[in-house]
Amino acid sequence: MKVLFRYTLDTLHRNRHTSFSIMAAILLASTLLYALCSYGYNQWRWSIEIAEYESGSWHGELGGDLKRKDLELVDHNLSVQETMVKGPFRAIRLPEGSSLPYLLLLDADRNYWEEMGEKNKILEGRVPQKPGEVAVSKSFFEKNPQYRLGDTLTLPSGQRQLGQENLNTGILREGEVFVPAGEETVKLVGKMDVTTPTTVPGYYSMGFLERSAILPDDNLVIYLKMNHVRDIYRVMPEIADTIGIEKDEYGQYVNNFRYNTVLLRYYGVFDPKESFDPLNYINVVIFGLLVLLAVAAFVLIIQSAFSLSAASQARQLGMFRTAGATPGQISLTILMQSILLAAVPIPISLGLGQLFTYLTYGLYCSIAGDFLYFPVTVRFSWGIAVLAGLISLITVLLSAFLPARWIAGLSPLEAIRDPERKQRIKMNRCGCLIQKISGIYGQLASASYRANRRAFRSSIIAMTLCLVLVLSFFSQLLISDLVSERNRQANHYNIQARLQMTEKLDSALWNAVKLVPGIEEMVYYRAKRVTFWASPSQELKAFSEKGGLASIDPQLFSVMEKDGKYRIQAEIIGLEPEYFDAWCHRQGIDPAPFYETEQPRALAMSWAPVHPFSNNNEKAREYFPFLDLTPGQRLSLEEKADDSMDTDYTFSVEIGAVITGPPQIDYYPRDYRIMLCVPIETYDTAAEHFLPEYAAGSYRTYLLLKTSGADDLAVTKRVREICESSLSEEDVTIYSLEEDRLSNEAGGRAMAAVVNCIGALLGFIGISHAFSAVAGSMRQRRKEFAMLRSAGMDSADVRRLLLMEGLRMAIVPLLLAVPINVIMWAFLLKTTDISWKAFLTHLPVAKMGSYTLAATAVMWLAYWISSRRIQKDTIIDALRDETV
């Protein structure tokens with residue numbers, strides 16, 4: 001073994017060109033593999049940081065109205081790492097003259113302030129650190145400029161009550177009173193980036209809770225964090241059952257019992273009650289396939305270099321076999337060479353890969369700019385570094401194992417007699433059409449390819465994989481952009497405004513909006529969700545034959561069976577009169593009867609989505625009716641949408657006409673519904689009887705506007721000004737298609753820059769390998785060309801022969817890569833419902849072509865450089881040179 005080890009070191013020294021070529025290939029491959037691992041790790045950490053920043057580092061919420069004894073029970077659970085607690089709400093009455101009468105104060109303990117997302121909402125000042133310190137909504141300071149951070153206030157403290165009902169943070173109710181419980185001194189230490197709708201008569205604020213001050217009957221909200229996050233779905237129900245949390249009609253725990261599903265999914269933890277969904281693991285699968293594909297590509301790239309090296313050593317290794325070396329020792333010699341050659345590049349690649357990741361994310365952040373929602377912090381993980389190093393080492397060993405097994409399988413005689421037979425170029429008498437057209441040079445090039453197919457094949461495969469990866473990166477980014485654009489364009493209206501209200505819309509506001517120039521179509525509406533109990537006899541025959549309402553999964557849709565009937569949701573939609581009348585006339589329906597409020601009538605339809613889980617918003621419009629509704633039929637409706645609502649209000653609506661499609665308001669539910677469309681006056685009459693505490697939902701108003709793309713931003717700005725002049729800023733939410741497009745374009749440019757960087761690195765790796773492979777092959781074939789020149793071939797003939805070889809090496813990878821990408825495109829387009837026409841129209845042909853031309857140009861450059869060296873060789877030197 002000592003002899004073989006010394007031979008290994010001597011071979012690496014003598015074959016410096018090949019050694020440096022292999023080390024360069026390993027360095028580039030390891031750099032990209034680490035960059036891929038680092039990118040996946042940083043994306044994962046970034047997603048977790050965003051989730052924890054927004055909502056906190058908690059795993060489950062047991063809900064409110066829990067007592068001190070419940071908190072003690074949870075704290076003593078061995079599976080729980082820590083708990084975070086919020087205390088009961090109380091109202092701090094502000095002095096006369098304040099824009100809103102109360103501070104709605106909620107205390108939280110130290111764990112809550114350290115772990116939850118509210119600490120990140122502090123705009124100025126700091127979080128409360130002791131009892132009496134409070135952080136208040138920013139709107140408090142905006143509406144009450146007489147107060148500053150650091151002010152200390154002594155004010156009445158108590159509760160808002162309506163009879164025996166504690167209103168807490170509910171909307172303003174007629175007849176409510178303030179019940180004082182004493183005075184409280186608070187110090188304003190923080191300004192929070194939160195707002196409270198003006199439908200609630202107070203400003204949201206948070207203080208500090210000492211656990212020792214919790215009274216036995218205080219109502220608490222408890223959050224918990226597990227020692228082992230995967231225990232959450234087992235331990236939470238056990239705790240809920242122990243402390244007596246009840247379940248609703250769907251078998252779900254009430255009391256705001258919930259899991260932090262966003263954070264849990266990032267940790268790979270899913271509800272075991274849910275059916276297996278491959279989409280939950282799609283990102284991991286795609287990333288894993290990408291790494292495996294990269295490993296396969298690099299195995300082929302590096303393996304070709306090892307093959308050339310092994311072939312050049314065949315004669316000497318064959319002599320070792322004759323001296324008694326075993327096939328295993330011969331294989332070990334090649335593997336030792338691979339380990340020695342990888343010893344330096346792999347550690348260096350960790351630093352280069354981290355630098356590449358840092359530069360790529362820096363480029364992404366600089367392009368995204370202000371549109372970047374959350375800053376990216378590039379992190380280094382020793383675990384990822386070790387993983388990437390192991391993957392790189394495995395890649396190198398696999399690359400060396402294939403030629404090692406081949407060389408070890410040769411008999412000593414085969415090895416000594418030159419197994420590659422490079423000197424023997426047999427002419428193919430049949431030949432293909434291209435060979436016949438190109439004459440003797442085409443036949444020589446084809447024969448040379450067959451004789452040296454091992455080196456040529458690996459180079460072609462490497463270039464093919466490189467092109468496949470680069471083209472697939474660009475095409476996947478394009479498909480993602482097309483999906484986003486299609487879903488945005490699916491809406492008829494490009495501007496949508498939501499106004500949070502507890503009363504009817506002021507006609508002056510609507511009239512002011514109507515005068516805004518640039519608006520082509522407009523409508524406003526309100527909607528209220530109620531319930532209807534349907535019997536199987538009311539199902540349409542076609543729907544009943546397929547299983548009817550009994551076949552619907554209540555875990556997926558809002559359909560619940562009770563006493564032989566099925567509770568389904570009904571949507572009362574109140575439309576602006578001008579739009580309602582025009583809509584009725586287009587369908588040949590007289591709108592006048594629908595304005596009778598004593599006996600309300602509605603345009604009715606039943607709606608069942610054809611594609612409830614599709615990500616294609618255009619398909620969301622597809623539906624089928626499932627109930628047999630007829631004009632004159634009276635529907636008995638209940639306000640009680642679920643068992644937790646404390647109401648027994650029922651009313652009836654007569655079906656004035658059955659419609660075949662919903663109004664054009666861009667509302668396409670993905671659940672089973674009955675849609676009841678009425679004029680907004682009829683809707684408001686019904687809404688007066690709904691529970692007052694749900695008035696904020698009943699009177700919430702939606703404004704829909706259609707403009708040209710050029711007028712979108714100007715109209716959005718003017719409508720926002722009009723709405724905020726009549727309502728508080730926190731009551732107005734406006735979505736603009738053009739604003740969303742601009743935001744996505746910035747993110748798209750940033751992501752395109754990242755893809756360009758990765759594509760450039762992939763291209764550089766593939767091209768550099770092809771260059772190295774061609775150059776190495778030319779060095780090994782010096783004897784072959786010397787023999788051809790000795791047979792009478794001049795320099796021009798050699799150049800022509802190399803031209804034909806280069807043409808083949810340049811064209812074949814493209815001919816192989818295009819069909820592979822077409823198959824991949826077909827799969828992605830079918831999955832995302834994108835048409836070939838839309839895809840090909842936006843395909844970045846110039847960018848893809850530039851990569852292809854660069855690869856072709858470098859391949860030709862390698863042949864040109866090699867041809868110049870071959871022409872300078874003397875025949876005697878070429879025949880005598882054995883060094884690779």
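A strand, in this tour, is a DSSP run of type E with at least two residues, and strands are numbered from the N terminus. With that in hand, select residues 560-562: this is strand S15, and Lys562 lies in it. Keep in mind as you look around that this is a predicted model.

**Stop 1: Lys562**

Stay on Lys562 for a moment. Is this residue buried or exposed, or something in between? Its relative accessibility is 46%, and partly exposed covers the range between 20% and 50%, so Lys562 counts as partly exposed. Now add Trp533 to your selection. Lys562 and Trp533 are 29 residues apart in sequence, and their C-alpha atoms are 9.1 Å apart in space.

**Stop 2: the whole chain**

Zoom out and colour by secondary structure. The protein chain has 28 helices and 23 strands. Of its 884 residues, 50% are buried. If you take the contacts between residues at least 6 apart in sequence, 81% of them join residues at least 24 apart.

**Stop 3: strands S2 and S11**

Next, select residues 80-86, which form strand S2. How many of its seven residues are buried? Six are, and S2 is described as mostly covered. Now add residues 220-226, strand S11, to the view. S2 and S11 pair in the antiparallel sense, over six bridges. To see one pairing up close, pick Val80: its bridge partner in S11 is Met226. While you have strands on screen, here is a general point: in a regular strand the side chains alternate between the two faces of the sheet.

**Stop 4: helices H17 and H22**

Two packed helices are described by the angle between their axes and the distance between the axes. Select helix H17 (residues 507-514) together with helix H22 (residues 712-726). Their axes are 10 Å apart, and the packing angle is about 165 degrees. An angle over 145 degrees counts as roughly antiparallel, and H17 and H22 are therefore roughly antiparallel to each other. The crossing of H17 past H22 is right-handed. Show side chains to find the contact: H17 brings Leu509, Ala512 and Val513, while H22 brings Val719, Ile722, Cys723 and Ser726. Sorted by class, this contact has six nonpolar residues, one polar residue and no charged ones.

**Stop 5: Glu730**

Follow the chain on from H22 into the loop before strand S23 (732-736), where you will find Glu730. Glu730 has 18% relative accessibility, so it counts as buried. Finally, select Thr195 as well. Glu730 and Thr195 are 535 residues apart in sequence, yet their C-alpha atoms are 6.0 Å apart in space.

How values were computed. Residues are numbered from 1 along each chain as its sequence is written. This is a predicted model: local features need pLDDT of at least 70, side-chain atom pairs count only at pLDDT 80 or more; totals for chains, interfaces and linings use all residues. Side-chain values use heavy atoms; hydrogens and water are left out. Buried means under 20% relative accessible area, exposed over 50%, partly exposed in between (1.4 Å probe, protein chains only). Helices (H or I, at least four residues) and strands (E, at least two) are DSSP runs, numbered from the N terminus. Two strands pair if DSSP finds at least two bridges between them. Axes are lines fitted to C-alpha atoms, for helices over the stretch in contact, and angles run from 0 to 180 degrees between N-to-C directions. Angles under 35 degrees count as roughly parallel, over 145 as roughly antiparallel, 65 to 115 as roughly perpendicular and the rest as oblique. A crossing is left-handed if the near helix is turned anticlockwise from the far one by less than a right angle, and right-handed if clockwise. Contact means heavy atoms within 4.5 Å. Ala, Val, Leu, Ile, Met, Phe, Trp, Tyr, Cys and Pro count as nonpolar, Asp, Glu, Lys and Arg as charged, and the others, Gly among them, as polar.
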